[in-house]
Structure formats: C-alpha cells, structure tokens
Amino acid sequence: MNMKSVAVSLGVLLSLSWGAVSQAGEIEDRIAKRLTDAVPGLKVGAVRASEAKGLYEVQSNNGDTIYTTEDGTYLLTGDLLKITESGIANVTEESRAGGRKVQMDEFGGKGIISYPAKGEEKAVIDVFTDIDCPYCRKLHDEVPQLNDYGITVNYYAFPRSGPNTASFNKYVSVWCAEDQQKAMDAAKGGRAVDQASCENPVAEQYRLGGMVGVTGTPAILLEDGNMIRGYVPARNLAEGLGLL
C-alpha cells in the first residue's frame, strides 16, 4: 500500500471514529434533555452507556440510578443484576461504589473527626453518624477495638433529623469543642456536651451524605466506595476487610 493510500485509509478511520464519538455525545445529551423535560426538578449528573446492550445508565442529583433506552422513551428503576460464573453481580451497586469514591475523594475529608488506627494503619472507614442513633452509639463503643485491628475511623456528620434540630446542633457543639474526641465520646455516651458554636462543616457533610446515598445511620463507606448500611460488629467488619 502506498503512502497516499495509507493517508486516505487513516482519514476514513479518523472520520468514522469521530462520528461515533459525536453520535454517542448526542445520544447522552438527548437522553438528559428528555428526562429533565419530563421530570421537573430532576438534575442529571451523568449519562453513559450501560454494559447491558441497548441501555443507558443515568445518575440523578439525589444518587438514584435510572436506566433508559437509547431514545429516552422507556425507563427502568432499581438495580441491574448480572449472572456471572461466580454468581449474581450487582452492576448498579458497582457503579454507585465508583461514584461514591469519586465524591468522597473530591470532598477530601474536610472537617472529619478521626479516630486513628493504633500502630500500622491497615484500613480506613468513613462513617456517617448521628450522635443520638442507638446503633451509631453501639458502633462507637467498638471504635477502640477497630483501632486495635488497624482500622482508622473517620466520622462524618449525618444528623438524620436534618439542619436546625437538636441532634444537628449537638453535632455542631461536638465539632466546635476544644477536644473533639472527648466531646464525641461524651455525646455518644449520652452525657451532656457544652453548647458551642463556630464555623463548621456539619451542614456540608450532611449534604455529602445525601449525595452518596446515605439513608440511615450508621452508614459505613469502605475505601473502594462500597457502603455497609447499618451496624456491623467490629470483629465481623475486620474479617470482611480481610484483616483477621
């Protein structure tokens, strides 16, 4: 093949690939527009082709995942499951985990109350917590055990009652205390904490929880973005992380 033929062939390939990219972008834009037009208040975060042929995955502003056909006419909600050689895999949850990891990394641990691992750090968990939640208190009682296993526990505020409530203000007092750990230990133990106010990240962390799909507490986020919903005994958690 001479150089002229190579140049022509390369030009055709580039033209075809550019056309495919443009078409893909148009499909995603069309789906986003159709959904936002049909559902007032919906904000589409991202649209991408699903691994299930013919379906597109749409991430909404509240963390929900929607599946749609290419023309945006037919919608599916719920988790997409896949049969694999090792069993049933949750494709949707895998996608959520990836999204959570990105969001948590972007937030950057701003204003966390941290209980570091003792000795070598082997794992880190991010816990969205409500000071008055009974199972959050149960988990907090086992934080020293988690630290002994080499697990760092980072607390993020998620007062379930929402902003401007007693639980919310209690978290603000803990965060603004001179010794945050001491104040957190007292509050989790049901003891009074001196009222305090300062510039704080409690509302921002609460919003972050909503973005990553926290619906109850405790919500434990692992380093890969997977979420454990609810209390898990310290030993079971360590075993699940492969530390025991």
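Start by selecting Thr152, which you will find in strand β9, residues 151–157. Keep in mind as you go that this is a predicted model. Is Thr152 buried or exposed? With a relative accessible area of 5%, Thr152 falls under the 20% cut-off, so this residue counts as buried.

Now show what surrounds it. Leaving aside residues up to four places away in sequence, Thr152 touches Ser114, Tyr115, Pro116 and Ala117. Its other contacts under that rule are Glu121, Ala123, Val124, Ile125 and Asn147.

Next, turn on the aromatic side chains. How many aromatic pairs are there? The count comes to five. For one of them, select Phe107 and Tyr156: this is a tilted pair, 6.1 Å from centre to centre, with 55° between the planes. The two rings join distant parts of the chain, since Phe107 belongs to helix α2 (residues 91–107) and Tyr156 to strand β9, 49 residues apart. Both Phe107 and Tyr156 are buried. Add Phe128 to your selection, and you have a cluster of Phe107, Phe128 and Tyr156 linked by ring pairs.

Stay with Phe107 a moment longer and bring in Lys110. The charged end of Lys110 sits over the Phe107 ring, 5.1 Å from the ring centre. For another case of this kind, go to Tyr155, where the charged end of Lys188 sits over the ring at 5.2 Å from its centre.

Phe107 also leads you to a helix pair. Display α2 together with helix α7, residues 202–211: their axes come within 10 Å and cross at roughly 165°. How do the two helices run relative to each other, roughly parallel or roughly antiparallel? An angle over 145° counts as roughly antiparallel, so that is how α2 and α7 are arranged. Their crossing is right-handed. To see where they meet, select Gln103, Met104 and Phe107 on the α2 side, and Glu204, Gln205, Leu208 and Met211 on the α7 side.

For the last stop, select helix α5, residues 166–176. Eight of its eleven residues are buried, so α5 is largely enclosed by the rest of the structure. Colour the buried ones: Ser167, Phe168, Tyr171, Val172, Ser173, Val174, Trp175 and Cys176. What covers these buried residues? The cover includes strands β7 (113–115) and β8 (123–129), along with helix α6 (180–188). It also includes two elements you have already visited, α7 and β9, and β9 is the strand that holds Thr152, where the tour began.

How values were computed:
Residues are numbered from 1 along each chain as its sequence is written. This is a predicted model: local features need pLDDT of at least 70, side-chain atom pairs count only at pLDDT 80 or more; totals for chains, interfaces and linings use all residues. Side-chain values use heavy atoms; hydrogens and water are left out. Helices (H or I, at least four residues) and strands (E, at least two) are DSSP runs, numbered from the N terminus. Buried means under 20% relative accessible area, exposed over 50%, partly exposed in between (1.4 Å probe, protein chains only). Contact means heavy atoms within 4.5 Å. Rings of Phe, Tyr and Trp (its six-membered ring) pair if their centres lie within 6.5 Å; planes under 30 degrees apart count as stacked, over 60 as edge-to-face and the rest as tilted. A charge sits over a ring if NZ of Lys or CZ of Arg is within 6 Å of the ring centre and within 35 degrees of the ring normal. Axes are lines fitted to C-alpha atoms, for helices over the stretch in contact, and angles run from 0 to 180 degrees between N-to-C directions. Angles under 35 degrees count as roughly parallel, over 145 as roughly antiparallel, 65 to 115 as roughly perpendicular and the rest as oblique. A crossing is left-handed if the near helix is turned anticlockwise from the far one by less than a right angle, and right-handed if clockwise.
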